[in-house]
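Student: I have a chain in front of me and would like to work through its fold and a few of its residues. Could we take it step by step?

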Amino acid sequence: MLVRRFEEVIYGIAFLLLAAAAVFVVIGTFGAVIQVVTRQVSTLEGGVLVLERTLLTLIIAELAYTLRTDFLHHEIAAEPFVYIGLIATVRRMLIVTAEFEKPQSDRELNRLLLELGVLALLLLAIAAAIFLIRYGVWKFVSHPAAS
């Protein structure tokens, strides 16, 4: 009983910290929009920053949802973490693509292309994992006698 209460307190604190982080990210996003409107940064940089911050907010929301689900049902589901990985991968791909606009050298260009290729493979792997989790293929793989 004491362990469960301690666990609930920890989840509650983590949830509050995630909520605070989401508020700060949203405020920063509005700040980025203001910078674009007042022409303090270029439209491309501002757009990438707003998109990046929006995806970061989605990551925080998925983490909060996972905490809530664990708090209510006392079990951790794998699917929300896979979605967090998907959003994080897309977020990084956007950043790499924005950096692609101004590569310094051929070596830098090769590094960016390699990173983009690895991220694309990771994106496909995560999409496959979502498919396998969602459609219950793991049940047939791990317990073939049950089918």
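Tutor: What follows is a set of questions and answers, moving from the chain overall to single residues.

Student: In which order do the elements of the protein chain run from the N terminus on?
Tutor: Please keep in mind throughout that this is a predicted model. The protein chain has five helices and zero strands. From the N terminus on, the elements therefore read, with a helix being a DSSP run of at least four residues, as α-α-α-α-α.

Student: What radius of gyration does the protein chain have, against that of a compact globule of 147 residues?
Tutor: The C-alpha atoms fill a box of roughly 55 × 40 × 20 Å when this is taken along the principal axes. For a compact globule of 147 residues one would expect a radius of gyration near 15 Å, whereas the protein chain has 20 Å.

Student: What share of the 147 residues in the protein chain is buried?
Tutor: The accessible surface of the protein chain comes to about 10,300 Å², and carbon and sulfur atoms hold 71% of it. A residue is called buried when its relative accessible area is under 20%. By that cut-off, the buried share of the 147 residues is 22%.

Student: How far apart are the mean positions of the positive and negative charges of the protein chain?
Tutor: The protein chain carries 12 positive and 13 negative charges. When the mean position of each set is taken, the distance between the two is 3 Å.

Student: Is Glu115 buried or exposed, and which residue's side chain does the side chain of Glu115 join in a polar contact?
Tutor: Glu115 is found in helix 4, which covers residues 106–134, and Glu115 counts as buried because its relative accessibility is 18%. Leaving aside neighbours within four places in sequence, Glu115 is in contact with Arg92 and Val96. A polar contact of 2.7 Å joins the side chain of Glu115 to that of Arg92.

Student: Why does Thr66 count as buried, and the backbone oxygen of which residue lies 2.8 Å from a polar atom of its side chain?
Tutor: Thr66 is found in helix 2, and Thr66 counts as buried because its relative accessibility is 8%. Apart from neighbours within four places in sequence, Thr66 is in contact with Pro80 and Phe81. The backbone oxygen that lies 2.8 Å from a polar atom of the Thr66 side chain is that of Glu62.

Student: Where is Thr57 placed, and how far apart in space are Thr57 and Ala19, C-alpha to C-alpha?
Tutor: Thr57 has its place in helix 2, residues 43–73. With neighbours within four places in sequence left aside, Thr57 is in contact with Val25 and Val26. Thr57 and Ala19 are 38 residues apart in sequence, and their C-alpha atoms are separated in space by 9.8 Å.

Student: What is phi of Arg39 near, and is Arg39 buried or exposed?
Tutor: Arg39 has its place in the loop between helix 1 (2–37) and helix 2. Since its relative accessibility is 70%, Arg39 counts as exposed. Its phi is positive, in a residue other than glycine, and is near 60 degrees.

Student: The backbone oxygen of which residue lies 2.7 Å from a polar atom of the side chain of Thr97?
Tutor: Thr97 has its place in helix 3, residues 79–99, and is partly exposed, with a relative accessible area of 40%. Thr97 and Ala125 are 28 residues apart in sequence and 20 Å apart in space, C-alpha to C-alpha. The backbone oxygen that lies 2.7 Å from a polar atom of the Thr97 side chain belongs to Met93.

Methods. Residues are numbered from 1 along each chain as its sequence is written. This is a predicted model: local features need pLDDT of at least 70, side-chain atom pairs count only at pLDDT 80 or more; totals for chains, interfaces and linings use all residues. Side-chain values use heavy atoms; hydrogens and water are left out. Helices (H or I, at least four residues) and strands (E, at least two) are DSSP runs, numbered from the N terminus. The radius of gyration is taken over C-alpha atoms; the globule rule is 2.2 Å times the number of residues to the power 0.38. Buried means under 20% relative accessible area, exposed over 50%, partly exposed in between (1.4 Å probe, protein chains only). Accessible areas come from the Shrake-Rupley method with a 1.4 Å probe; for residues, only the protein chains shown count as cover. Lys and Arg count as positive and Asp and Glu as negative; His and the chain ends are not counted. The place of a charge is taken as NZ of Lys, CZ of Arg, CG of Asp or CD of Glu. A polar contact is a pair of N or O atoms within 3.5 Å; within protein, one must be able to donate a hydrogen and the other to accept it, and residues adjacent in sequence count only if both atoms are side-chain atoms. Contact means heavy atoms within 4.5 Å.
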